[in-house]
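Biologist: I am new to this structure and would like to be led through it step by step. Could we look at it together before we begin?

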Amino acid sequence: MRALPIAVTVLAAALALTSCDDSGDNSSSSKTSETGKTSTNAAADCKIDSVGIQVGPANVAPAAGDTGNIPVTITNRDSQCTLKGFPGLEVHAGSTSTDIVADKAATPEKLTLAKNDTASFTITYVRGTAGDANTLDLKTLKISLPGATATQDFKWSYGPVAGKGAAGELDASVTPFTHAGD
């Protein structure tokens, strides 16, 4: 009769050992190589000069007071990298410049992009009335990635943007990065 409790104990121990897996999730782990050096498998932040950026096609706001949406797609052209947070967006109208602010209702997630993976974000804006003191007639959109100051410049061809009481505070926002495609 003693053999049954021992057999159950041995079986339970064997199952516990076989359920262990030392491979784990390597996305941000450290490993020690045979030379004794520790390497980290975490991907570096994506760099603006290592990605392709496509702005649009846009759902342009046709008239003053209407809302427009501009999708922006980022394609990683280099080794694996990460994006977390919001893109930096600076817009220019002649000698005036201002930022497009992050959508306060959105929560960013960390995205890891392999080579040729894509991510996207959306700029939402309210079209202003040309010549109005609270409107900026934008000409240039400068995009930067989190943690960097380098930018890529794009022509703004979506009409003037309304201000929130003043032209320096635009009625516009940007979503965080999300995975694009499949």
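The questions and answers below go through some features of this predicted model.

Biologist: Which residues form the disulfide, and how far apart are their sulfur atoms?

Modeller: The structure holds one disulfide, and its partners are cysteine 46 and cysteine 81. Cysteine 46 lies in the loop between strand 3 and strand 4, while cysteine 81 belongs to strand 6, so the pair ties together parts that are 35 residues apart in sequence. The sulfur atoms of cysteine 46 and cysteine 81 are 2.0 Å apart.

Biologist: Why is the disulfide of cysteine 46 and cysteine 81 called right-handed?

Modeller: The handedness is read from the torsion about the S-S bond of cysteine 46 and cysteine 81, and the disulfide is right-handed because that torsion is about 85 degrees.

As for their surroundings, cysteine 46 is buried with a relative accessible area of 3%, and cysteine 81 counts as buried at 5%. The value that settles the handedness of this disulfide is the torsion of about 85 degrees.

Biologist: What is the strand order of the open sheet of three strands?

Modeller: Pairing in this open sheet is mixed, and strand 3 and strand 6 pair in the parallel sense over two bridges, with aspartate 45 standing opposite threonine 82 in strand 6. Strand 3 and strand 10 each have a single partner strand and stand at the edges, so one side of each is left without a neighbour in the sheet. Read across the sheet, the order is 3-6-10.

Biologist: Which residue in strand 5 is the bridge partner of valine 51?

Modeller: Strand 4, residues 51-55, is mostly covered, with four of its five residues buried. Strand 4 pairs with strand 5, residues 67-76, in the antiparallel sense over five bridges. In that strand 5, the bridge partner of valine 51 is asparagine 76.

Biologist: Which residue does the cis peptide bond join to glycine 56?

Modeller: The omega angle of this bond is about 5 degrees. The partner of glycine 56 is found in the loop between strand 4 and strand 5, and that residue is proline 57.

Biologist: Is serine 144 buried or exposed, and what is its relative accessible area?

Modeller: Serine 144 lies in strand 13, which covers residues 140-144. Leaving out residues up to four places away in sequence, serine 144 touches Ile48, Pro87, Gly88, Ala150 and Thr151. Because buried means under 20% relative accessible area, serine 144 counts as buried, its value being 11%.

Biologist: How far apart in space are threonine 129 and glycine 65, C-alpha to C-alpha?

Modeller: Threonine 129 lies in the loop between strand 11 and strand 12, and it is partly exposed with a relative accessible area of 44%. When neighbours within four places in sequence are left aside, threonine 129 is in contact with Ala64 and Thr135. Although threonine 129 and glycine 65 are 64 residues apart in sequence, their C-alpha to C-alpha distance is 8.0 Å.

Biologist: How many salt bridges does the structure hold?

Modeller: Side chains of opposite charge can pair when their charged atoms come close. One such pair is lysine 139 with aspartate 137, at 3.2 Å from N to O, where lysine 139 is partly exposed at 45% and aspartate 137 is partly exposed at 43%. Lysine 142 likewise forms a salt bridge with aspartate 153. The number of salt bridges in the structure is two.

Biologist: How far apart are the closest N and O atoms of lysine 142 and aspartate 153?

Modeller: Lysine 142 is partly exposed, with a relative accessible area of 23%, and aspartate 153 is partly exposed too, at 45%. The closest N and O atoms of lysine 142 and aspartate 153 are in a salt bridge. Lysine 142 lies in strand 13 and aspartate 153 in strand 14, so the pair ties together parts that are 11 residues apart in sequence. The distance between those closest N and O atoms is 3.0 Å.

Biologist: What is the phi of asparagine 116?

Modeller: Asparagine 116 lies in the loop between strand 10 and strand 11, and it is partly exposed with a relative accessible area of 48%. Although asparagine 116 is not a glycine, its phi is positive, at about 75 degrees.

Key
Residues are numbered from 1 along each chain as its sequence is written. This is a predicted model: local features need pLDDT of at least 70, side-chain atom pairs count only at pLDDT 80 or more; totals for chains, interfaces and linings use all residues. Side-chain values use heavy atoms; hydrogens and water are left out. Buried means under 20% relative accessible area, exposed over 50%, partly exposed in between (1.4 Å probe, protein chains only). Two strands pair if DSSP finds at least two bridges between them. A disulfide is a pair of cysteine sulfur atoms within 2.5 Å. Contact means heavy atoms within 4.5 Å. A salt bridge is a side-chain nitrogen of Lys or Arg within 4 Å of a carboxyl oxygen of Asp or Glu.
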